[in-house]
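User: Hi! I'm new to reading protein structures. Could you walk me through this one?

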Amino acid sequence: MISGAVSKTVRVPKHGTRVRVSFKVTARDAVDGSVPVVCTPRAGSSFKIGRTKVTCSASDSSANTASTRFTITVTRANH
């Protein structure tokens, strides 16, 4: 089960064109417990103005895989 993959909107500074976006996505398996999650683009990446789809996936020790997608929307600040 993957948690934390939530779409969000962030604003770039007044004269900026990109902004670093943080997010935390986790995964838990009934047998293995916590398993690593790989997101592309990864958390902390610099996102440009517009919409970017983020894809995350996780696999357990039995090679069962779960994946999810969410959107990061970057807008320009009005100030």
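User: Is Gly33 buried or exposed?

Analyst: Happy to help, and please keep in mind that this is a predicted model. The relative accessibility of Gly33 is 13%. A residue counts as buried when this value is under 20%, so Gly33 is classed as buried.

User: Which strand holds Gly33, and which residues does Gly33 touch, leaving out those up to four places away in sequence?

Analyst: Gly33 sits in strand β5, which covers residues 33–35. Leaving out residues up to four places away in sequence, the contacts of Gly33 are Ala27 and Arg28.

User: How far apart are the C-alpha atoms of Gly33 and Asp60?

Analyst: Along the chain, Gly33 and Asp60 are 27 residues apart. In space, the separation between their C-alpha atoms is 8.8 Å.

User: Which element gives the most residues to the largest nonpolar core?

Analyst: This core has 13 residues, and Phe70 is one of those that touch the most other members. Elements giving two or more residues to the core are β2 (8–12), β8 (50–59) and β9 (65–76). With 3 residues, the top contributor is β9.

User: Is Thr52 buried or exposed?

Analyst: Thr52 belongs to strand β8. Its relative accessible area is 18%. Because the limit for buried is under 20%, Thr52 is buried.

User: Which residues does Thr52 touch, not counting those up to four places away in sequence?

Analyst: Looking from Phe70, the contacts include Thr52, Lys53 and Val54. Looking from Thr52, and again skipping residues up to four places away in sequence, the full list is Pro41, Phe47, Phe70, Thr71 and Ile72.

Key
Residues numbered from 1 in each chain as written. Predicted model: local features only at pLDDT ≥ 70, side-chain atom pairs only at ≥ 80, totals over all residues. Heavy atoms only, no water. Helix = DSSP H or I, 4+ residues; strand = E, 2+ residues; numbered from the N terminus. Buried < 20%, exposed > 50% of the residue type's maximum accessible area, 1.4 Å probe, protein only. Contact = heavy atoms within 4.5 Å. Core = buried A, V, L, I, M, F, W, Y, C linked by side-chain atoms within 4.5 Å.
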